[in-house]
Amino acid sequence: AGLKVLVLNVSKDVTHDILITFSPTEGPMMQNVTEEGKRGKIQLPREILQSLSGETVRVVVTVLNIQQLGMFEEVNQTGQVLDNTMVGITVGKTSISRLQDPVQLSFAHEQLPSMSQPSISPPGVTPQCVFWDPSKGQAGGWSSSGCVTRPGDKGTVCSCDHLTFFTLLLNPALDRSTARALMTVATAGCGVAMAFAILTIAFCIFLRCRFRSEETLHINLGLHMNLMGSLLLLNLAFLLNSGLSAGTPLGTCKVLGGFTHYCLLCCFTWMVLEGCHLYLLFVKVLGTYIRHYLAKLCLVGWGFPALVVGVAGIIGSYGEYILQTADHQVIARLCWITSKYLLVHYITNCGYFGLIFLFNMAVFGVVTQKSCCLQGTGAMQQDRKTWRVALVVAGLFCLLGTTWALAFLTHSTSSATILYLFTILNSLQGICIFIWLVVLYYPKTKEATGSLSHIIRHDKTTTASQ
């Protein structure tokens with residue numbers, strides 16, 4: 001009941017494309033049959049037949065109900081298959097791929113569900129043309145490689161450069177009101193973050209002027225100033241992007257997209273430099289003097305992102321990126337990495353931050369463990385309040401950029417709660433770092449400059465005595 005097949009023997013000398021219709025209930029049939037109800041369409045280009053040997057070629061079209069058959073279910077799948085229907089196409093006995101003239105499948109449907117139709121699940125969707133890739137994961141999964149999705153009001157057209165089993169996956173998406181609310185929260189958060197970034201930089205300058213003789217403190221504060229400077233630029237770039245990108249000339253949009261990408265990479269780079277510096281202070285306590293240390297860090301922190309963005313700009317990665325809702329209404333037009341070069345985004349942003357996150361989490365574990373050990377042995381000040389230590393740990397957590405890891409949980413735009421958390425927490429990153437600096441570095445006396453400095457000095461003494 002869940003499998004319907006159409007077999008055709010077609011002459012390879014055919015002068016037109018092969019047109020076939022299909023429906024979830026009636027299966028596939030030739031287009032000249034009287035159609036009732038909604039039906040999808042398949043257009044097979046004639047070049048497929050002409051490339052094969054023999055006078056006639058066998059064409060097999062299969063329509064599957066995957067729910068009845070219990071097949072093709074991805075692990076942790078978030079999207080729904082339209083009408084639980086898959087369409088398989090085989091021509092001849094060989095695998096066909098890399099078609100110059102792609103096969104086109106039109107999946108018929110009414111207007112896709114949105115927040116105005118709460119009875120339909122999911123509440124908001126984005127269609128995606130996919131096929132089943134048995135090599136993906138342990139048990140196979142959906143892939144869109146080689147397929148282009150063109151949504152419409154009464155159907156979605158899939159253009160694919162190979163033949164296999166296709167379907168239309170309806171991925172959960174944000175509705176317009178939620179997306180607008182997120183944009184508002186992000187814009188307000190950027191303003192708050194910029195204010196506290198400026199305040200933090202001013203506070204660091206004040207401390208550097210007050211304690212001129214402490215070289216370690218100068219380096220620490222210099223690192224924090226650069227990190228806050230990169231956060232300030234990133235928030236400024238976002239505000240410029242959201243305010244100026246609509247109607248912006250292509251050349252200006254490319255520059256603005258590159259600048260935004262540069263600021264983001266600078267933030268990530270300074271986060272990992274903070275982690276490296278903490279590693280040197282806590283693990284490599286002695287013998288870590290490096291000439292022009294802060295200047296070299298600045299060269300890496302500001303120079304490496306410029307190199308990456310330069311290469312990405314040369315290959316033409318930047319341009320207009322459109323954010324859309326489930327019903328294809330434009331939320332925002334941003335100057336960013338274009339959809340054509342998403343691989344650049346995955347490598348330079350997702351992959352780069354993934355490595356940084358793993359390293360900084362390891363450093364965070366070492367620092368926290370050392371702090372707890374020293375507190376347990378009485379090496380730290382006995383009068384230090386628990387809330388003060390907790391604030392120091394929380395601030396260190398923000399300093400290393402771990403809140404950015406929430407981005408990995410927003411792979412589906414249906415994760416509205418995660419998106420709100422990601423937006424709010426990263427807006428509060430500057431505030432947390434400012435509070436952390438006040439708790440850690442603002443001393444009552446010059447001899448008690450905070451728990452972190454005390455731990456470092458104690459660790460140096462302990463190591464030297466051993």
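# A guided tour from strand β5 to the second largest cavity

Begin by selecting threonine 62, which lies in strand β5, the run of residues 56-65, and keep in mind throughout the tour that this is a predicted model. With a relative accessible area of 11%, threonine 62 is buried, because buried means under 20%. If you now display its surroundings, leaving aside the neighbours within four places in sequence, you will find threonine 62 in contact with Leu3, Lys4, Val5, Met86, Val87, Gly88 and Phe165.

Before moving on, zoom out to take in the whole protein. Its secondary structure comes to eleven helices and 15 strands, and buried residues make up 47% of its 466 residues. Among contacts between residues at least 6 apart in sequence, 72% join residues at least 24 apart. If you switch on the surface, the protein exposes about 23400 Å², of which carbon and sulfur atoms supply 61%.

Next, select strand β9 (residues 125-133) together with strand β13 (residues 165-172), which run antiparallel and are joined by seven bridges. Within this pairing, look for glutamine 128, which stands opposite leucine 169 in β13. Keep β9 selected and add strand β10 (residues 141-143), since β9 and β10 also pair in the antiparallel sense, over three bridges; here the bridge partner of phenylalanine 131 is serine 143 in β10.

From there, go to strand β11 (residues 147-151) and strand β12 (residues 155-160), which pair in the antiparallel sense over five bridges. These two strands, β11 and β12, form a hairpin with three residues between them, and cysteine 147 has cysteine 160, in β12, as its bridge partner.

Two loop residues deserve a stop for their backbone angles. Most residues other than glycine have a negative phi. Select phenylalanine 72, in the loop between α2 (66-69) and β6 (80-81), where phi is near 55 degrees, a positive value in a residue other than glycine. Then select arginine 98, in the loop between β7 (85-91) and β8, which has a positive phi of about 55 degrees although it is not a glycine. Which of the two labels, buried or exposed, applies to phenylalanine 72, and which to arginine 98? Phenylalanine 72 counts as buried at 16% relative accessibility, whereas arginine 98 is exposed, with a relative accessible area of 73%.

Now turn to helix α3 (residues 176-210) and select isoleucine 205 within it. At 40% relative accessibility, isoleucine 205 counts as partly exposed, because that label covers values between the 20% limit for buried and the 50% limit for exposed. Add methionine 225 to the selection: the C-alpha atoms of isoleucine 205 and methionine 225 are separated by 8.3 Å, while the two residues are 20 residues apart along the chain.

The last stop is inside the protein. Rolling a probe the size of a water molecule over the atoms shows where empty space is left. The structure holds three cavities of 30 Å³ or more, and the second largest cavity has a volume of about 90 Å³. To see what surrounds this second largest cavity, select its lining, which consists of Phe22, Ser23, Pro24, Lys38, Arg39, Gly40, Leu82, Asp83, Thr85, Phe107 and Ala108. The elements that give two or more residues to this lining are β2 (18-23) and β8 (103-108). If you colour the lining residues by character, they divide into five nonpolar, three polar and three charged.

How values were computed
Residues numbered from 1 in each chain as written. Predicted model: local features only at pLDDT ≥ 70, side-chain atom pairs only at ≥ 80, totals over all residues. Heavy atoms only, no water. 1 Å grid on protein atoms, 1.4 Å probe; cavity = no way out; pocket = protein on both sides within 12 Å on 5 of 7 lines; lining within 4 Å. Points joined across faces, edges and corners; volume = space filled by probe spheres on them. Helix = DSSP H or I, 4+ residues; strand = E, 2+ residues; numbered from the N terminus. Nonpolar A, V, L, I, M, F, W, Y, C, P; charged D, E, K, R; others polar. Buried < 20%, exposed > 50% of the residue type's maximum accessible area, 1.4 Å probe, protein only. Pairing = 2+ DSSP bridges. Contact = heavy atoms within 4.5 Å. Areas by Shrake-Rupley, 256 points an atom, 1.4 Å probe, with all protein chains shown as cover.
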